[in-house]
Amino acid sequence: MSKIKKLSKESFPLLIKKISETQHVYGPVSQGKRISYQRISSADELASDFIIPDMSAKSFVFPKIEKLFSYTKNKDGVEVQDINLDNIPHRVVVGIRPCDAAGMESLKAIFSWDPSDPIFETRLKRTTFIGLACNQADDYCFCTSLGGSPGDTKGSDILLTKTDTGDYIAEILTSKGEKIVTLAPDLFQDVEGDLQKEKFLANVPKRFDNSDLQNKINAAFNTDVFDEYAMRCMGCSACAFVCPICACFDIQDETKGSKGQRVRLWDSCGAKLFTLHTSGHNPRETQGARWRQRLMHKFSYMPERLEVRGCVGCGRCSRRCPVDMNIAESLNQLIIDN
Amino acid sequence: MERNIYLPYRMKVAKITEEAPAVRTFRLEFLDPAEAENFSFKTGQFAEYSVFGEGESTFCIASPHTRKGYVECTFRQVGRVTTALSNLEEGDTVGFRGPYGNTFPIDEWKGKNLVFIAGGIALPPMRSVIWTCLDNRKDYKDISIFYGAKTVNDLVYKHELKEWEERPDVNLYQTVDPGGETPEWKGEVGFVPTIVEKIAPSAENTIAVVCGPPIMIKNTFPVLQKLGFKDENIYTTLENRMKCGFGKCGRCNVGKTYVCKDGPVFTAAQLAELPNEY
Ligand SMILES: Cc1cc2nc3c(=O)[nH]c(=O)nc-3n(C[C@H](O)[C@H](O)[C@H](O)COP(=O)(O)OP(=O)(O)OC[C@H]3O[C@@H](n4cnc5c(N)ncnc54)[C@H](O)[C@@H]3O)c2cc1C
Ligand code: SF4
Ligand code: SF4
Ligand code: FES
């Protein structure tokens, strides 16, 4: 259904303003050195010159802490109050990077694997993503090695590409995107001819050939490549928390007095306690086994079970790792070795 | 609207049985009769049991699916949730969500002999399938049960063991580890695999189900193989750490296999294909 329009640099802030009248708008905001997706009320709050927000956009659909229901204990027993999905807000995220948007499809695959998760599904349904194509990249970016691109439309409802004049090429991709256009149809101009979007995209060189990645990583399972590579990993879980697709979670109860709630919290397969049995037995005993799980899950188990990869090559895990573990480098090594 | 998949049913602890030191069986009944009406499970499946304020714990459903209106679980007190459960009294409320996972293919076993081999507190998943088969006794040929625990005191379901012992249509072999016997003990003394080897059940037209601590399973499989059991005819269950029970939390997988969705019931042939991450 893709339709191409033009959105002038003057129209862009007007569009944000128009959307904010009815929905909460979020976008990348600069806070000192940090760039993060924040609630905004006008376009001038948006960061302009950056590669990628520090945290991914996954928290819009999979928050760090998600209340699952609440309960009240009294002398007669326990009352349980279900959550009300109607309270999940309609939101628009503007300026989401194409890799983050593409990651939504992988998250969806995880959460809709039977039984489908209504909390996640509702959040995703009520969030509109206005992507912003990348015009700069760094050495950590490797989306192109995994079939993505700085101008990838996957997962976005509208994708904007900023041109040299500061105006935007707007690709209207879904019915949610159409709805945004109908809020302010006059701001979107018709275009003629090819606007040559590619000219305005960052150059992200291919770091490896992914054509046989799944077989190669399967072949590496019993080698010591994972142990060797993970020698320095501390299991701090930063990589999982910044990742747009890592979705491992824990379930815990939080109680205050007689009231409490059961919550779902971000967790990580890199953590030692993750699989530890109460008996003391741990099926993934070493950090190497846990690093292997991280890579196998993303590049073998998810493709096999869910038909999507668990990585879009955003590079965040490597940017944020305190001991410089680099996922692209690790993949490259096992592709060469196997 | 679809039901919140994380929302447990509220169940009343209808009956508590002390089985062995730190091991209890709870009989749970639905507080909401409509939920009881709509609920069903099959033998082999598990569930998430919770104490509100303490969290959830994974146990198999220990009662047979042939008996409706309640579910039972048997658990050992080892940590936070199981301690909180142990502190409950009859009439208290717990959370229960499930059933999850696959089932023992008891229909495929019709017309065959069944050999059940269990160690310690691993009798619960077995108890469910044993009673389910006994409730359909005419569908199966010989039924033998091997059960062992560390000491006489540690044997769970003592009452039911007695019942099985007295039934002419069940062969029950009980054993305790060397040193675990009492002067009155009339059963075997020795580790489970040793006793299985000694009694040597025939592999001809027979299904074996083995549940127990990893070391017992590891030592029992070779004995069965020596007796001529094919890996496809040996069943067991895996117990990887779980949170969600439905393939999302990322905790229980062994390679590409999710114990919560593809298991917990596996054949020895299937286990042989899995990486050693259980
Ligand atoms: C399919 C299946 C069937 C099972 N069937 C049975 C059965 O029938 N009977 C039985 O007795 N057992 C059974 N088990 C084992 C049982 O699930 C565990 O023994 C039980 O969950 C222990 O719970 P706990 O809260 O008492 O232990 P705890 O060790 O206190 O664990 C509490 C929770 O907190 C987490 N946790 C523990 N320590 C830490 C820490 N230091 N930091 C952060 N988090 C932590 C754990 O992940 C756990 O979820 C089964 C397990 C599986 C997977
Ligand atoms: S961020 Fe680095 S050190 Fe921390 S768990 Fe991930 S790979 Fe290991
Ligand atoms: S694994 Fe690393 S590079 Fe891949 S999507 Fe996650 S954070 Fe980005
Ligand atoms: S228990 Fe959560 S994925 Fe299996």
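Biologist: How many residue pairs are in polar contact between chain B and chain A?

Modeller: The count is 32 residue pairs, with both residues at pLDDT 80 or more. Remember that this is a predicted model.

Biologist: And which strands of chain B supply at least two residues each to the side that touches chain A?

Modeller: They are β3 (46-51), β4 (55-60), β6 (93-100) and β14 (257-258). By class, that side of chain B has 14 nonpolar, 12 polar and 15 charged residues.

Biologist: What makes B:Lys243 and A:Asp250 a salt bridge?

Modeller: Let's check the distance. The N to O distance between their side chains is 2.9 Å. The cut-off is 4 Å between a side-chain nitrogen of Lys or Arg and a carboxyl oxygen of Asp or Glu, so this Lys and Asp pair qualifies. Between chain B and chain A, the count is eight salt bridges.

Biologist: How many residues of each chain are in contact, and what area do chain B and chain A bury between them?

Modeller: From chain B, 41 residues are in contact with 48 residues of chain A. Together the chains bury about 3,800 Å², with 53% of it on carbon and sulfur atoms.

Biologist: Let's turn to chain B itself. Where are its domains?

Modeller: The domain assignment gives domain 1 (9-100) and domain 2 (106-237). Their C-alpha centres lie 24 Å apart.

Biologist: With the centres 24 Å apart, how do you know which residues of domain 1 and domain 2 are in contact?

Modeller: Contact is judged on heavy atoms within 4.5 Å, so the distance between centres does not decide it. The contact takes 19 residues from domain 1 of chain B and 17 residues from domain 2 of chain B. The two domains bury about 1,400 Å² between them, and carbon and sulfur atoms give 55% of that area. On the domain 1 side, B:Glu19, B:Thr43 and B:Arg67 supply 30% of the buried area, more than any other three residues.

Biologist: Why is the pair B:Arg127 and B:Glu72 called a salt bridge?

Modeller: The closest N and O atoms of B:Arg127 and B:Glu72 are 2.8 Å apart. Since the limit is 4 Å, this Arg and Glu pair passes. Across the interface of domain 1 of chain B and domain 2 of chain B, the rule finds two salt bridges and 11 residue pairs in polar contact, both residues being at pLDDT 80 or more.

Biologist: Which strand gives the largest share of the domain 1 side of chain B that touches domain 2?

Modeller: That is β5(B), with four residues.

Biologist: Now the ligands. What classes of residue make up the shell around ligand 2?

Modeller: The shell has 10 nonpolar, two polar and no charged residues. A:Gly235 and A:Ser237 are among the residues around ligand 2, and they count as polar because Gly and Ser are outside the nonpolar and charged lists.

Biologist: And which residues are closest to ligand 3?

Modeller: Of the 13 residues that surround ligand 3, the closest are A:Cys243, A:Cys311, A:Cys314, A:Gly315 and A:Cys317. The ligand 3 shell divides into eight nonpolar, two polar and three charged residues.

Biologist: One more pair: how do you know that A:Arg320 and A:Asp54 form a salt bridge?

Modeller: Their side chains meet at 2.7 Å, N to O, which is within the 4 Å limit. A:Arg320 lies in helix α9 of chain A and A:Asp54 in the loop between β3 (34-40) and β4 (65-74), so the pair ties together parts that are 266 residues apart in sequence.

Definitions and conventions. Residues numbered from 1 in each chain as written. Chains lettered and ligands numbered in written order. Predicted model: local features only at pLDDT ≥ 70, side-chain atom pairs only at ≥ 80, totals over all residues. Heavy atoms only, no water. Buried area = accessible area lost by both parts, 1.4 Å probe. Polar contact = N/O pair within 3.5 Å; in protein donor to acceptor, adjacent residues only side chain to side chain. Near = heavy atom within 4 Å. Domains from an automatic or database assignment.
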